[in-house]
Each structure stands twice: as C-alpha cells, then as structure tokens.
Amino acid sequence: MFYRRAGIRHTRYQDERQLFPLGFDRFLILSVLALLIAAPFLLDRFYLAGYLIPWLIWTSAALGLNLLMGGAGQIHLGYGAVMAIGAYTSVHLVRAGVPLEFAMIAGGLMSASIGIVFGAAALRVKGIYLAMATLAMQYIVDFVISQTPAISGGSLATIQVPPVSFLGISLRGDTETYYFALFVCFLIALFMLNVGRTSFGRALAAVREKDYAAQILGVSVFKYKLLAFWVSSFIGGVVGSVLAVCYLRAISPDQFHIELSIQLLAMVIVGGLGSVLGPFFGAALILFAPIVLNNLTGLVATSFGLAIPIDLRAHIPLIAYGALVIGFLLYEPLGLAKIYSNLRNYMLVWPFRHAQR
Amino acid sequence: MAVNRRIFVSGTAATLAAPALIPSHAFGQDKVIRFTMAQDFTRIYTFVTSEYSQGQRDYFTLINERGGVNGHRIQADVADHANDLPRAIEAYERGKREGAVLCDPLSTPVARALVPRALEDKINLITAFSGRSDAADGSAFPYVLPLSINYWTQAGLIVDHFAKVAGGSLRGKKIVFVHIDTPFGKEPLPILQVLAQRQGFELVTFPYTPPGNDQAAIWPQVRRARPDFVMFWGAGVGQTVAMTEAIRNGLPMDRVSSSVWMSESDMEVVGKAAAKGVMKVEPCASGRDPKPIKDILAEVVAKGKGAGPEAKIGTAYYNYGVQMASLMVEGVRKAFEKSPNGPITGAWLNEGLRSISNFTAEGMLPPTTVTKEDHQGGGQGRISQWDGTKFVPITGWFTANQDVVWGEVKKYSEEFRRTGK
Amino acid sequence: MDYILIAELAVSGLFVGLMYALVSLGIVLIYKTSGLVNLAQGAMAMTGGYVTWAIAAGLGAPMWIAIMAALVVMFGAGMMVERLALRRMIGQPVIMTIMLTLGIEIMLRGLMPGVFGAAVKRLDIGIPQAPLFLGELLINRATLIGGVISLGLIVLSLAFFNSRYGVVMRAVADDQTASWSVGIRVERAIAVAWGLGAVMATSAGILWGATQGVDWSLSLLLVKALAIAILGGLDSIPGVLLAGLIVGVAESLATGIIDPLVGGGTRDIVASVIILVTLLLKPHGLFGREHIERV
C-alpha cells in the first residue's frame, strides 16, 4: 500500500543503486529526520536531555561497533576503552585550548592508533580468543587511565569539560548539544549506509564470511582486519569525545568500564548484527527499557499499593536487561532490525501477498 | 516452555508500551514537596542503599503522619539508577520536570556528573558520604550540599583519635592505610600526608584492587610492617574482607579503624565476636535509642507503614538515612521560616538548608550548622567501637584537623571555580 | 628484599590460585565438551553461594546438608541452562553464544540479589579465623582449606575423565559427529558437562563466599577464571591446575613487589596481562590442543 512497489519502474541504473530506491523509504527517512530536527521545538527539555541525546550518542557508538562486529565479523569486548581514549584525549586537548573540532579528530586518531593494537590481536586469534584478548585490553586501558594522575586528573579523578563551541556555536544549552549529537550521529549513519557499497565494505564482508577464503580471493586479510579496527576505533574515539562534551561534562574513568562495552555489545546484538537501522532500535531498547520498567514498577508500587520488596523492585530492570538479551538471541537472533524488515517485506506488496516481491 | 518468537516479541512490546497506556498520576495535591531519591540499588552501592533508603522513607513517613511540614507533605520518589549515568540523568531530569527541589543520588560518579547540572538548574544536590569532598565549600558549590562529614574530615578525626590513644602524640608511630584503589579510596591520602608530616608519624599505604574481594596478599604485608595503627578505607565487600584478613593476620583489632562505611551486617559477615574492638567513624548515633528512631518505631512501624524489614531499623546505614532525611526536613522547616509562602523552588529550599543551625535531631546528630560557606555542617563526628554486639561510642562529638581539611577543600574548589564554569 | 614476605605471599598465592582454578575448571569442562566459553561462570558461582546461603539460613539446614543440596540444585540448574538456552544456539556464530552467556550473567546478577536481598550474606562453613604460624610464615587457614578442597576437586575431575562416563565425554570432546555415529548421546554428555560446570562454580562460590561473604561481587571471579583457563589451554584440566598456581602466585607477588613501585593495585591487571600475553604468544595456552582450521 505505502510502498507502491508495483508502480515503481527503475529505468536507469542510478535509480536502482540509490541508497533508498523506494519512494516511501525516502519519505519515511526524511520525515523521521525532520521530526528529529524539529524535536527541540516540539518536546520538553526533559525528553531532550533525558532521552534523545543519550539515544543519539549511544546509537553512534553502537554504529561504530557494528561496523566491526557486523561488518567485519570481529568481536570486540573493549569498545568502552576505545571511547575512553577518545574522550580523554579530546578533553585534555580542549582544556589545553585546542578548538573542539580538532580535539575531536585528534581523539578519534588517538583511539584509532591504540585501537589498532586491539586489531593486532585479531590477526593472531579469532572467535572466543579474540573476545578474551579485547576484554583483557579493556581492563588494561582502564588501569592505565585510572592509575595515571596526569590522565585521570588528580586525586578526585574527575576532569571538568570547559565550555566549548563547535563551528562557532557554543555547546552549552541542551538544544545546541542535541543538534551537535544529531549531526555526528547523522554523519556516522550516512557513512555506515554507504560503506557496504564500497570496495572497503565488500572486502570486510569477505573477511567476515571466511577470512581464509577471502585471502585466497586476493583480499588482504591483514590489511582489512586492521583497517576495520582502525575505522571503528576512530568512530569510537569521536563518539567518546561527543559523549564527554555533550553529555557527561565531567569525565572519570569509571564511566568507561566494561559495563559500557557490554551495553554497546547488547545494543548491537539486540538491534541487529550488521544492520544500520539496528543500533538505533537496540540503543533505544537497552537504554530505555530499564528506565521504563523502573518507572513502571514504581508506579505499580505506589498506585496499587503492591508491597514489592525494594531489593526485588530495584533489580527488576537488571533482570529484564539480561532477559532481553537472552530472549533476542533465542527468539530473534537477527534483532529488532529483522523484525522491522519482516514488517516492511510484508507491507511491500500488501495487500497482494501473492504478487512477486 | 512454549514461548515462540511471536510471543516473545509481542510480550516485550506490551511490557514496554504499558507505562505509556497507564495514565500517569497527576499528583493533584499542590501541598507537596518532591525529592528525587534516585539511588543505586543494584550495582556498586548495594551494600548501603536499601537500608539508607528505608531510613529516609521511614522518616518522611513519620513527618507526613504528623501532618507534614507547614501542611506540606514530603514526597520522595525512589528509583534505581544503577550507577548508570543515562539512567541517573533521566531520573534527575524527570524529577526536575515534576518540580523536585532536591536530589540525593548517593553515588559518587553520579553526583559528579550532576554537579554542573544542579548548579545550573538550582536544584539541591545532596552528596552525603559521596560526591566531591570539596563540595564542602559552599561558596563554590552553592547547590551541592554534603551536609555531613566528608572523607577528609573522617580521616582527620581518626588520626586525632589515634593520637589520643597513643597518649597525645603520634611522633615516631607508624600508621598503615589500606585502601581500595579507586578515587574514593585514594581521597584521604593528601590529608594523611600533610598530617604525617605535621605530627611526625610514618604513613605506609597499601592499595587493593576494587572491589576488594581478595586481599590475601595485602594483609601479610600490613602485618609485617608492624603498624601501631591501621586505617582501612573501602566499601561493601572490601570492608568485610579487610576485617577478616586483619583478624586472620592477628592484628590487634582495637588499633584498627575505618570510615563511616561499616555496619552491623558487615560484622555479621566477619563474625561478631571476632571483630570485637574495631573502630569506625560515626556521623550520627546508631542503634534504636535515639529519639527519631523510637518515634519511627512507635508511629510508623507499629502502624504497619514501615518501608522495609523491621530488623534493619537502627542499623548504621538506616540511621544515616534518617540523619540525612532529618536534615532535609529541617532545611524545609527553615525555608518555611524564611519565606512561608514559597514559592517552593530549589532556591527556596537552598536558603533553608544553608541556614540550618545547631540542629541535632533530638540528640541523634552532632550539632550541625550549615552556612553559606560551610556545607559540611561543622565537621563533627565521633569514633565508636564494636563491642561484639553493637557499636559503642568511645568519644563525644568532636572535630579535628579542620585547617588541613579546609586547605584541601579550598585547593580543589578553586580549581573547580577556575576551569569548571 | 624481604624473603620471608615473598615466601609468604607465594604460599598464599598458591592456595588462592587453586581456589580460582576451581572456577575455571567449570569453564574448561564446558569448553571441552561443547566448544563454548561460559562467561556466566562467575555468576553461577555467585548463584551457588546464594543458593547455599538460602538453604542454610532460610530453611535452617545444617551447613553440610545445605552444601550438598546446593550442589544438587546447581547441577540441575546447569543442565537447565544448557537445555533451555545454549542448545538452541548450535550453529550460530560465536559472538551469539558469547552474548548469550553474558546475558545469563547479567540476569543472574539481577535475579539473585533481587530475590535474596542485596546486602552481604554470611556463609559460615566453620573455618576458624585464628592465625596459623609456621615459623615466621603465616598460613591463612581459609585459603589453605579452600586450596586443598579445590585441589581435591580438580584431581577428582581428572579421575572422572578416566571413568566410563568420562571416556564418553572425552569422545564427545574429540569429535561430536563421530560420537554420534557410534551411539553416544552427545546432548546428554554436553548437559552433564554443564551440570558439572555449575557444580564446580558452586563449590567455588561456597569457598569464596566463606571468605568474603556472599553478594554480587562473587561474579567477578570470572576474569581470574578466564585468565587461568586461557593460560592453561581452554580444553586441558592439568593446564587449569598449573595455570591456577601460576596466576595465583603471579598475582600475589605482583601485589607485594609491583604495587609499591606503581603505587596502585596491580592485582587485577595481572590477570589481563596474562590473558593478552598468552594469546599473543601461544594462543592455545600451555596445554591446549591446537585447532586446525580448514576452509
């Protein structure tokens, strides 16, 4: 109905090779984008600062991780550490007077150059062993940051982010930081949408499916594994600096611990491995399900007078977080993006199910 | 189990959509003062939060049962932020939207992230036993109120008590400081170093890795250092393990002291008899004897309105909760004294909180005076000792080494003033 | 250099290492038969500790009955986890199984404190706390007894692999399809491995719970256990024994020797460094079987 697939006839190759060949998809994307742009005028500050900004930032990070995990098939349990490197580099540079634009890039480069060390492990081992290696590196990076007062910032181990501006716009209020996060997220999403159409993306896919086979086909596994880690760590570093500047405003080592890495991993898995849309869904679910459940149990407890012990009540979101991860893996391993695509496939030719797709 | 994909997906969707469908209660009563009590029940602060929160809620119930403050009910919105910043900030922003005038996150990382926001939004951020120690400087942090002794003061109190035990002077003595290797654990170090220099004792420090569930390699070294006194600094499981190891290494427990983070349930884990003699800092009286606790037992719990298991009432962390709640209520009372007609805002409550003077909650707290400069409330506490069944105070309320503490406070608050804003 | 201190640290490290090795023994058992690394092993140890506490404190059972009952319950629980969750993941990419066990870990970490209460629980298995001196050397009774029990269990599991059912499990570990074709019930062997893994986790949870109290932080045993399993080789039980001793002593000595130089707690980082170095130098560990990949 909406898609009017039957009425669309591509007559040129460019038309069919567009990012979104179907008119309705383009319309949908543009209207969501328009809504996001208009959000600060439509929504209360509470939704902006409490929901939209973290959603955009965590989505950006999950996109970067998804390039590595879904795109190149490498496991990474230390993405939080990569983000920490970017965040600390850029905050220190900003404090030294470097403009944010450059500090962000520098943070990304720093993350990328250290993240490539994680990649070096990937050349040697894979699968579960790679997971362990990256996990170990997460702990090592954490340790180095918190044990070096010059990085973590003295005995209180908190560094305040000074007021910054991006391209002449001061990032102080929620609206400005929101647009900044949206801009970064948009750029990363655009990159991710296009990467699959480049030779780089195709080489990654070959490495993902079977690295030996890719090598035999003439794709340099050495080069592309390292490149995958480089690009994904660069994105992680940039997002780390966005996170520090837009959202945390004061960084301390414990904000980038293994929990963050696992959270991002869960977002990618629940959203859908290898999909661009997935992290958007995954981030929303993993970030907001605990909040929603928390409020729900609070509401039930107060309005119906149900005396749930506070320990149990408080742990329900954590249980649900675990249950969500387990449930998705068991019942929908391809994640929320797959559910969306099922829906879309169904709607493509609705109501003429017998028609050819 | 006949769960298939469709049931799982639709079940998840239904659960998440439910809150949107249930009409959220418009809390009609306009005579309500809202506090946001988003705390960490599930991650790091599990050892304290449920008892602390129970104490706070019981005290608020007590006040509300008596008709509230000036006819206003106190409503505490309890939520779990799991030490996770997105959730904490969401809870804070939600509270702000609903008109909360105070937020008590009881978590150092969360408090640190909320400081810039609270200063901007003029919402009172209570950082008792958490957050930045330099928030004691009210002139730099007008809306951040520890309202209790910070870690620097606690370290100062312990050293002062050690000096008394040693017969007046610590010169030539050796104090071992065993601490969790986190910013929180390292916090007292600058104070101890200054004091070591000034009072001439030798300071030996041993960090252990968080959360401290294995300290088997630390305490033999402590024993071999042959200390005169031992201070251990940690929280939760680190504390119980530290005590157990100290006992196993045969250290004299009456020369061992810790911060405020020690409670009856820790003693339960260590073994009540074995831990006899160990000391802690008390920011308020413990046990069921203080008047507010008796009132809670009589007017709240007896009516079946208690917020949690009765056995927990009167434990150390429960009483900390009551302490903080009573200070908050006193702040509200003072605010009504200053401007009886409100409007009830963060700034209004801030005026009240910062004019608390000589408040003792009927003998439960040390005399607490909060001023526009001093948000610590005077820096008084006492040392108490475990006698095998309960903590017995062995000193009166006292304060010590405040000049060193304030030197450190000023150093960091200056730094904050220069770069933070 | 204080040699007595070093000797004391080494001895304590040996016993602590054995106690860690008990956790990784479960990981190895499961990996050996099913080829999965169970990242929920730490949370299972925590669950075991909680269950033991619940039976002892909640039902008032004597401690030895509680321990027996907990072991039986956890054996069943381990088999349930395999049956309900992991078996469906056969054929899925390795990241899915990693994430699934992480999900189980998160869920258990919420479920146990949620149901039984988050405050630290005391688990008293009757080890006296009085110090025990051997000349100048102090021996920590709790780690001594814990280490000896762990050693016993590790030797027991070595013996188990020589029993009749142990041979079946070795066959499954060797080649699942071939075992199938000669009439071995592969699924049951894997389920038993999970059950045994949970039993090992429970014993570790009880031993550690007795020294530190039972709360969520028991699940942090995972990282140490992983380091031991990786160093020893993920499919080798003698490897666990040796690697446990190495990791324990290395950590203990690091605390004594490196800590004063760095000025920070290096104990946890030792495990990570060991994981990393092992993977870079000898990915399959000391005794692990090399896995040959064919396209």
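Which helix of chain B is the place of T153(B)? I start there and work outwards; please keep in mind that this is a predicted model.

1. **T153(B) and its surroundings.** The residue sits in helix α5 of chain B. T153(B) counts as buried because 29 would already pass the cut-off of 20 or more, and here 30 other C-beta atoms lie within 10 Å. Setting aside neighbours within four places in sequence, T153(B) is in contact with Q376(B), G379(B) and V405(B). If you want a distance to check in your own viewer, try T153(B) to R34(B): the two are 119 residues apart in sequence, and their C-alpha atoms are 31 Å apart in space.

2. **Two positive phi values in chain B.** As a reminder, most residues other than glycine have a negative phi. Two residues here are worth a look with that in mind. A82(B) has a positive phi, near 55°, and lies in the loop between β2 (73-80) and α3 (85-97) of chain B. L147(B) also has a positive phi near 55°; its place is the loop between β5 (144-145) and α5 (151-165) of chain B.

3. **Are those two loop residues buried or exposed?** A82(B) is buried, because 29 other C-beta atoms lie within 10 Å of its own. L147(B) is buried as well, with 27 C-beta neighbours inside 10 Å.

4. **The two domains of chain B.** Domain 1 of chain B is made of two stretches, 29-149 and 284-374, while domain 2 covers 151-282. Taken over C-alpha atoms, the centres of these domains are 29 Å apart. Where they touch, 12 residues of domain 1 of chain B meet 14 residues of domain 2 of chain B. On the domain 1 side, α2 (46-65) and α12 (316-338) of chain B each supply at least two residues. That side has seven nonpolar and five polar residues, and no charged ones.

5. **Chain C as a fold.** Chain C has 11 helices and two strands. In sequence order the pattern is α-α-α-α-β-β-α-α-α-α-α-α-α, with the strands next to one another in that order. Of the 295 residues in chain C, 60% are buried. Counting contacts in chain C between residues at least 6 apart in sequence, 76% join residues at least 24 apart.

6. **How do the dimensions of chain C look?** The C-alpha trace spans about 60 × 50 × 35 Å along its principal axes. The radius of gyration of chain C is 19 Å, in agreement with the value near 19 Å for a compact globule of 295 residues.

7. **Chain C against chain B.** This contact takes 35 residues from chain C and 34 from chain B. Several helices of chain C each give at least two residues to the side that touches chain B: α1 (3-34), α4 (94-116), α5 (141-160), α8 (186-212), α10 (237-262) and α11 (267-281). The helix that gives the most is α1(C), with six residues. By class, the chain C side of this contact has 12 nonpolar, 15 polar and eight charged residues.

8. **Chain C against chain A.** Here 38 residues come from chain C and 37 from chain A. The elements of chain C that give two or more residues to this side are α4, α9 (221-232) and α11. The largest share comes from α4(C), with 17 residues. The side of chain C that touches chain A divides into 27 nonpolar, seven polar and four charged residues. Readers may like to set this beside the previous point: α4 and α11 of chain C appear in the list for chain B and in the list for chain A.

9. **A helix pair in chain A.** Helix α12 (residues 258-271) and helix α14 (residues 310-331) of chain A have axes that come within 9 Å and cross at roughly 35°. The crossing of α12(A) and α14(A) is left-handed. From α12(A), the contact uses A266(A), I269(A) and V270(A); from α14(A), it uses L324(A), V325(A), F328(A) and L329(A). These residues are seven nonpolar, with no polar and no charged ones.

Definitions and conventions:
Residues are numbered from 1 along each chain as its sequence is written. Chains are lettered from A and ligands numbered from 1 in the order in which they are written. This is a predicted model: local features need pLDDT of at least 70, side-chain atom pairs count only at pLDDT 80 or more; totals for chains, interfaces and linings use all residues. Axes are lines fitted to C-alpha atoms, for helices over the stretch in contact, and angles run from 0 to 180 degrees between N-to-C directions. Helices (H or I, at least four residues) and strands (E, at least two) are DSSP runs, numbered from the N terminus. A crossing is left-handed if the near helix is turned anticlockwise from the far one by less than a right angle, and right-handed if clockwise. Two residues are in contact if their C-beta atoms, placed from the backbone, lie within 7 Å. Ala, Val, Leu, Ile, Met, Phe, Trp, Tyr, Cys and Pro count as nonpolar, Asp, Glu, Lys and Arg as charged, and the others, Gly among them, as polar. The radius of gyration is taken over C-alpha atoms; the globule rule is 2.2 Å times the number of residues to the power 0.38. A residue is buried if 20 or more other C-beta atoms lie within 10 Å of its own, exposed if 12 or fewer, and partly exposed in between; C-beta atoms are placed from the backbone. Domain bounds come from an automatic or database domain assignment.
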